[in-house]
Structures are given as C-alpha cells and as structure tokens.
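Hi,

Here is the structure I promised to pass along. Have a look at it first, and my notes on what turned up follow below.

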Amino acid sequence: MHKAVDASVDAMLEDLRTLVEVESPSRDLDALMASAKAVAAVIESRLGGQAVLVESDAGPHVHWSAGGDPTVLILGHHDTVFPLGTLERRPFMVKDGQATGPGVFDMLGGLVQAIHGLATLDDRSGVEILVTADEEVGSRSSRPLIEERALACGAVLVLEGAADGGGLKTGRKGCGTFQVSIAGRAAHAGLEPAAGVNALIEASHQVLDIAALGRPDIGTTVTPTVASAGTLDNVVPAEATVIVDVRVESADEKERIESAFAALAPHLDEAEIAVQGAIGRPPMPESASAELFAVAQQLLPDLEGKAVGGGSDGNFTAALGVPTLDGLGAVGGGAHADHEYLVIGAMVERANLVAGLVNAIRNA
C-alpha cells in the first residue's frame, strides 16, 4: 500500500486558499485566465515540470504531464458557478474543522488533494492532470480534449466532490437542458383577444406534455425549471419560452427523450414551436467504475459507492469505455450554495487515496 501522505494539512489549506481567492466564474475569460495561471502555479510548485495553458473560447484549460507512457488521467475543473464579488461576501475561512468559501467543495479542494497526493509519489510517470475551464456550463469546449486524453491514458480519476458521507460516485445520470420556444401572435387583450395566438396558453400545454415524459421509476426525470412569456398586461403574448432539465440513466432513455422533444407539436392553431438542446452528457453506468472502485475499497475497506443524479466530465470518459471513478475529491457538501464546505479532517485520507489508486493503476 502507498505510504502515508507527507504533505501537511496546513500546506493543502494554503494552496486551497490561493485557488479560492482567485474567483473563476464560468464564461468570464479574464477571471478564468487568472484562475488557470493560479492552478498551473500550484501544480508546478508541488509537482515540478510545466503545466500548459490550453487556450479555448471558454477560457484556458490546464494540462500537466509527468511524462512517460500515459496511464492515468486526473480530471477536474477550475471554473465555478459563483459570480465575481462572491468572495467579498463569503471569504475563505477555516473554522470548526471546516474550510468554507466559493468553490472549496466543487471542486478546488479535490484539485488540491490530488496534487498533494501525487506529490508524495517518488515516481509520477504516466500521470496526467487536466483541469478544464467550462465544466459548469457543459464542457462544450473541453470535451474533445477530455476524450482525447482519457483514451490515451486508459483510466480516469475524477476529482469532483464526494457523495454524501464521503462515498465515491460510481454512476451518474446523463443530463441535458432543452429550450422550447413558442411563437404566437400578439393582439389587444381587451379589444380582440381572439385575433391573437396566445403563446402563454400554448406554453402551458407544452409544460404538461413535457412533464409527462418523465419516468422516475426508471430514473428519468424531466423538470420544467424556467418559463417566460408576455410583454404587457393588455397584450396577448406573442412569445414564450420554457427551459427543461432532463436526467436519464440509460442510452435508450436518452434516445426516447430526445425524440420526444423533437416531436413536440402545438395545441393551438397557428402556434409554432422550436426546440433546442440535447442530453449532452451521456449516462455513466456503474459498470464503468466497478474495476477502479474495487481497487479503492482495497485501499479504504469502509468506502461506499453511490450512483448520483448530477453529471460531470466523467460521463464523457465513461461513455468511451474508459474505466472512470468519480467523487474522489473533497468530503463536504453544499455544492453551488452559500453553505458550501469542505471537511478538513478528510483531506489527508483523500489525498492518500488518489495516490494509492494511481500506484495501483500503474502496477496493474
């Protein structure tokens, strides 16, 4: 088994503070450039070598390789969901055994733990780290690079936050967003409402049709989340929009849902419907993680695995048939929320787990 982690908790918290205090909201290219440089600096200071910034229209991704034949990819992201200014309201803090601040759990803590875990290995050959800039907004820019490096390495460890209770994420649903746009015709709501085509009424029909597509008994959820319609209180609405969140557990359900959205038809004469979107992240079946999870349990026998509803970049690598294990990052909770936190007492164990998995994969 891998030796105990030499790096101190204080050193990990120091690096975590550094990353948290460089705010990195998705799509803010200037902020993401600063964040990428900070991530690269931490990697280089702890692991040596050069961390390369890979430019993209979504911001720079960070790629580091220890050299040698690619064997295992450490996968994470440095963008967060929090807008600039969040740090001023919610600064990085260490108190009562927890670290708090924007991004500590999702997923800067996991990055720091992985880097410090790798730093304890005398031989890091075959290890690559990829930290992307657009995971929180769908990974459209980074997906080709993720898939390329995953196929080259042959095994992927994803540093997203742990499941409840510290478990690993052994399966994930496929997920996507659809936008249904309805075009009607405006008219005076008092003088001649019948001359209009009410896009809000059509949207109401569509919401009921869409919600009926869900099959929670087999893990498919279809949830209308945001709707807008109308301009003034005396005008028949000419336009409406409905946003829908979709999660599925199987490729068959992905196909069914996408076909159903494509087939949506208007209920009102002369109303028109346009649909955009897809299930962009394919499902990550538990079979994709089974081999690596068994190794993780040899390192930590009490470790539990859990299939979860949220998606990650591990969905892409698992869909390629590359063994993928997720949830290896911080133990904590509150992802995307003001109460986000990381459990400090678990940091060394998680760093050690990553290092142990890397050794086991390379020795297999």
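**Backbone oddities**

Arg27 sits in the loop that runs between H1 and H2. Before going further, please keep in mind that this is a predicted model. Arg27 caught my eye for its phi, which is positive at about 75° even though the residue is not a glycine. With a relative accessible area of 62%, Arg27 is exposed.

Asp96 makes a good companion to look at next. Its phi is also positive, near 55°, and again the residue is something other than glycine. You will find Asp96 in the loop between strand S4 (93–95) and strand S5 (98–100). Its relative accessibility is 73%, so Asp96 counts as exposed.

There is a cis peptide bond to check as well: it joins Asp106 and Met107, with omega at about -5°. Met107 belongs to helix H4. As background, most residues other than glycine have a negative phi, and most peptide bonds are trans.

**The cores**

H4 comes up again in the interior. The largest nonpolar core has 56 residues, and the members that touch the most others are Leu16, Ile74 and Leu157. Two or more residues each come from helices H1 (9–20), H2 (29–47), H4 (104–119), H8 (290–299) and H10 (347–363), and from strands S2 (61–65), S3 (72–77) and S6 (127–132). H4 provides the largest share, nine residues.

Which residues does Ile74 contact, leaving aside its neighbours within four places in sequence? They are Ala114, Leu118, Val127, Glu128, Ile129, Leu130, Leu157, Leu159, Val354 and Val358. Another core lies apart from the largest one; it has 18 residues, including Ala203, Val242, Val244 and Val248.

**H1 against H10**

Two of the helices that contribute to the largest core, H1 and H10, are worth a view of their own. Their axes come within 10 Å and cross at roughly 85°, which means that H1 is roughly perpendicular to H10. On the H1 side, Val9, Met12 and Leu13 meet Met347, Val348 and Ala351 of H10.

**Aromatic residues**

The structure has one aromatic pair. The ring centres of Phe178 and Phe261 are 4.0 Å apart and the ring planes lie at 5°; planes under 30 degrees apart count as stacked, so this pair is stacked. Phe178 is part of strand S9 (residues 174–183) and Phe261 is part of helix H7 (residues 251–262), so the pair ties together parts of the chain that are 83 residues apart in sequence. Both Phe178 and Phe261 are buried.

A ring with a charged partner is found elsewhere: Arg90 lies over the face of Phe82, at 4.8 Å from the ring centre.

Phe316 is the last one I would point you to. It lies in helix H9 (residues 314–319). Is Phe316 buried or exposed? With a relative accessible area of 1%, Phe316 is buried. Setting aside neighbours within four places in sequence, Phe316 is in contact with Gly138, Ser139, Arg143, Glu147, Gly280, Arg281 and Pro282. The C-alpha atoms of Phe316 and Gly174 are separated by 9.5 Å, and these two residues are 142 apart along the chain.

Happy to go through any of this with you on screen.

Best wishes

Conventions. Residues are numbered from 1 along each chain as its sequence is written. This is a predicted model: local features need pLDDT of at least 70, side-chain atom pairs count only at pLDDT 80 or more; totals for chains, interfaces and linings use all residues. Side-chain values use heavy atoms; hydrogens and water are left out. Rings of Phe, Tyr and Trp (its six-membered ring) pair if their centres lie within 6.5 Å; planes under 30 degrees apart count as stacked, over 60 as edge-to-face and the rest as tilted. Helices (H or I, at least four residues) and strands (E, at least two) are DSSP runs, numbered from the N terminus. Buried means under 20% relative accessible area, exposed over 50%, partly exposed in between (1.4 Å probe, protein chains only). A charge sits over a ring if NZ of Lys or CZ of Arg is within 6 Å of the ring centre and within 35 degrees of the ring normal. A nonpolar core is a set of buried Ala, Val, Leu, Ile, Met, Phe, Trp, Tyr and Cys residues joined through side-chain atoms within 4.5 Å. Contact means heavy atoms within 4.5 Å. Axes are lines fitted to C-alpha atoms, for helices over the stretch in contact, and angles run from 0 to 180 degrees between N-to-C directions. Angles under 35 degrees count as roughly parallel, over 145 as roughly antiparallel, 65 to 115 as roughly perpendicular and the rest as oblique.
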